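Reader: I should be grateful for a close look at a single part of this structure. Would you kindly begin with one residue and then follow its surroundings from there?

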Amino acid sequence: MKNLTDISQVRAALEKNGIRLSKGMGQNFLINPSVCPRMAEMCGADDTTGVLEIGPGIGVLTVELAKLARKVVAVELDTRLEGLLAENLSPYPNAEVVWGDVMELDVPALLSEKFADCERIVVCANLPYYITSPIIMMLLESRLPIESITVMVQKEAADRMCAKVGSRASGAVTVAVWHYSEPEILFKVSAGSFLPPPKVDSAVMRLMVRQQPEYDVGDEGRFRALVKAGFSQRRKTLVNSVCSDRRFGKDAVCAALEAMGLEQNARIEQLTMEQLAELSRRLG
């Protein structure tokens, strides 16, 4: 394909290869020509950088990344796209496709093998909407040697992840994202920028990965369990919601809140990142 964002060419290429878009795999191809160049530039790709892309589709973003980066490795699950990707990426020897599910691959080993000659590694991707949060959390919790994660997601998801911890808009994923990174929304993308158009608008956000979390939470597993339990029943008081996980005793939670000067009827969404970290340490 000569123009990867031209609607008629995209339709023709898909039809030629016998491909019908899969709603179940979250396949909505970008046809707005301005989005991917902006993403490639804003992710910081240059001739020293290795870029991991997840879900390249027909390669619209992959091509833009390959123009700037030292090397691009795109992980794609849908093997029906093999012919199209091979054709579209043929002018770019620095772009490689790895076939498989990124949630099942040994990502640390993949990065070590593919980007050995790169000074820095970033992630840049148009993530499938149905699995946005699990992919982002896998990338963050694995403590991979990556500098940043620049991704397009549903606008609602971007708003939630970038919300201020301690606000009503925050959730468990908000806390996790802020624990491991500094997130910001870069720009918004309308539904009409895709084929077929989704029912919601999107946003591109960038997570600058922290070398070390800003606050000491003690045991990471306990902190994750605390946040998950607390937000799973956010309408309840923090004491009642957290104690739904049997590892946390009610007396211990009440004592910790009292020591922190917090009310017993406080809800977890009211706690700041620093307070959540302190609570996790005290419960240890």
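**From one loop into the neighbouring helices**

Author: Q212 is exposed, with a relative accessible area of 59%; exposed means over 50% relative accessible area, buried under 20% and partly exposed in between, calculated with a 1.4 Å probe on protein chains only. The model is a predicted one, in which local features need pLDDT of at least 70 and side-chain atom pairs count only at pLDDT 80 or more, whereas totals for chains, interfaces and linings use all residues. Residues are numbered from 1 along each chain as its sequence is written, and side-chain values use heavy atoms, with hydrogens and water left out.

Q212 belongs to the loop that runs between β9 (202–209) and α9. Helices (H or I, at least four residues) and strands (E, at least two) are DSSP runs, numbered from the N terminus. Although Q212 and Y180 are separated by 32 residues in sequence, their C-alpha atoms lie 7.5 Å apart in space.

The loop leads to helix α9, which covers residues 220–232. This helix has 13 residues and reaches 18 Å from its first C-alpha to its last, close to the 18 Å expected; the expected span is 1.5 Å times one less than the number of residues. At the N-terminal end of α9, D219 acts as a cap, with a side-chain oxygen 3.1 Å from the backbone nitrogen of G221.

Which residues of α9 are buried? They are R222, F223, A225, L226, V227, A229, G230 and F231. An α-helix has 3.6 residues a turn, so residues three or four places apart point the same way. The buried residues of α9 pack against three helices, α8 (172–180), α10 (238–242) and α12 (273–282).

Let us consider the first of these neighbours. Two packed helices are described by the angle between their axes and the distance between the axes. The axes of α8 and α9 are 9 Å apart, and the helices pack at an angle of about 150°; axes are lines fitted to C-alpha atoms, for helices over the stretch in contact, and angles run from 0 to 180 degrees between N-to-C directions. Therefore α8 is roughly antiparallel to α9, the cut-offs being under 35 degrees for roughly parallel, over 145 for roughly antiparallel, 65 to 115 for roughly perpendicular, and oblique for the rest. On the α8 side the contact is made by A172, V175, H179 and Y180, and on the α9 side by E220, F223, R224, V227 and F231. Contact here means heavy atoms within 4.5 Å.

Helix α8 also packs with α6 (132–141). The axes of α6 and α8 come within 10 Å and cross at roughly 30°, which means that α6 is roughly parallel to α8. Their crossing is left-handed: the near helix is turned anticlockwise from the far one by less than a right angle, whereas a clockwise turn would be right-handed. Here S133, I136, M137, L140 and E141 of α6 meet V173, A176, V177 and Y180 of α8.

Just before α6, L127 lies in the loop that joins β5 (120–126) to this helix. L127 is buried, at 4% relative accessible area. Leaving aside residues up to four places away in sequence, L127 touches I54, T132, I135, I136, V151, M152 and V153. L127 and T150 are 23 residues apart in sequence, with their C-alpha atoms 9.9 Å apart.

After α6 comes the loop to β6 (148–154), where R143 is found. R143 is partly exposed, with a relative accessible area of 43%. Most residues other than glycine have a negative phi, and most peptide bonds are trans. The phi of R143, by contrast, is positive, near 50°.

P145 lies in the loop between α6 and β6 as well, and P145 is exposed at 56%. It touches L111 and I121, not counting residues up to four places away in sequence. P145 and F223 are 78 residues apart in sequence and 22 Å apart in space, C-alpha to C-alpha.

Finally, S148 lies in strand β6. Is S148 buried or exposed? It counts as buried, because its relative accessibility is 2%. Apart from residues up to four places away in sequence, S148 touches C43, I121, V122, V123, R206, L207, M208 and V209.

Methods: Polar contact = N/O pair within 3.5 Å; in protein donor to acceptor, adjacent residues only side chain to side chain.
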